[in-house]
Amino acid sequence: MKVAESISDIKVGVTRLLMATQDQALLAEIHALLLNAASGEDWYASLDEEDKASIERGRADIAAGRVISQKDLMEESKTWGSR
């Protein structure tokens with residue numbers, strides 16, 4: 001089991017990953033996420049209706065028990081390449 005990292009370690013790791021990526025769309029999303037977090041705004045309120053509907057469908061799936069554990073998903077994913 002991995003020991004929890006300190007905030008400083010996490011920042012260094014994130015910085016390394018940011019500096020290594022060339023994916024402009026990913027960087028723009030991360031930038032927007034950080035700006036939103038720094039502003040203290042409610043991120044859910046900034047979502048469009050399609051995204052909010054998707055979240056609500058996910059909540060309904062959870063409430064109805066239509067979920068799969070990560071362990072089961074990992075086992076199932078092993079067969080995806082052989083289909």
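1. Glu56 is partly exposed in this predicted model, because its relative accessible area of 36% falls between the limits of 20% for buried and 50% for exposed. Its side chain forms a salt bridge with Arg59, and the closest N and O atoms are 2.9 Å apart. Both Glu56 and Arg59 belong to helix α3, where they are three residues apart, or about one turn of the helix.

2. Helix α3 itself covers residues 49–63, which makes 15 residues. From its first C-alpha to its last, α3 reaches 21 Å, close to the 21 Å expected at 1.5 Å a residue. The N-terminal end of α3 is capped by Asp48, which has a side-chain oxygen 3.2 Å from the backbone nitrogen of Glu50. Just after α3, Gly65 has a positive phi of about 80 degrees.

3. A second pair in helix α3 is Lys52 and Glu49, again three residues apart, about one turn of the helix. Their side chains meet in a salt bridge with an N to O distance of 4.0 Å. Is each partner buried or exposed? Lys52 is buried, because its relative accessible area of 17% is under 20%. Glu49 counts as exposed, because its 60% relative accessibility is over 50%. The bridge therefore joins a buried residue, Lys52, to an exposed one, Glu49.

4. What does Lys52 touch, apart from residues up to four places away in sequence? The contacts of Lys52 are Tyr44, Ala45 and Leu47. A reader checking the burial of Lys52, at 17% relative accessible area, can look at these residues in the structure.

5. Asp61 and Arg66 also have side chains that meet in a salt bridge, here at 2.7 Å from N to O. Asp61 is partly exposed, with a relative accessible area of 29%. Arg66 counts as exposed, because its relative accessibility of 54% is over 50%. How many salt bridges are there in the model? The count comes to four, including Glu56 with Arg59, Lys52 with Glu49 and Asp61 with Arg66. As background, side chains of opposite charge can pair when their charged atoms come close.

6. Val67 lies in the loop between α3 and α4. Val67 is exposed, because its relative accessible area of 56% is over 50%. Apart from residues up to four places away in sequence, Val67 touches Asp61 and Ile62. One of these, Asp61, is the residue that forms the salt bridge with Arg66.

7. Which residues make the nonpolar surface patch of about 290 Å²? The patch is made by Ile68, Leu73 and Trp80. Trp80 is in the segment after α4, a helix that covers residues 70–77. At 45% relative accessibility, Trp80 counts as partly exposed, because this value lies between 20% and 50%.

8. Asn36 is in helix α2, which covers residues 24–39. Asn36 is buried, because its relative accessible area of 16% is under 20%. Leaving aside neighbours within four places in sequence, Asn36 is in contact with Glu41, Trp43 and Ser46.

Conventions: Residues are numbered from 1 along each chain as its sequence is written. This is a predicted model: local features need pLDDT of at least 70, side-chain atom pairs count only at pLDDT 80 or more; totals for chains, interfaces and linings use all residues. Side-chain values use heavy atoms; hydrogens and water are left out. Helices (H or I, at least four residues) and strands (E, at least two) are DSSP runs, numbered from the N terminus. The expected span of a helix is 1.5 Å times one less than its number of residues. A polar contact is a pair of N or O atoms within 3.5 Å; within protein, one must be able to donate a hydrogen and the other to accept it, and residues adjacent in sequence count only if both atoms are side-chain atoms. Patches are made of residues with over 30% relative accessible area and no salt bridge: like charges are joined within 9 Å, nonpolar side chains (Val, Leu, Ile, Met, Phe, Trp, Tyr) within 5 Å. Accessible areas come from the Shrake-Rupley method with a 1.4 Å probe; for residues, only the protein chains shown count as cover. Buried means under 20% relative accessible area, exposed over 50%, partly exposed in between (1.4 Å probe, protein chains only). Contact means heavy atoms within 4.5 Å.
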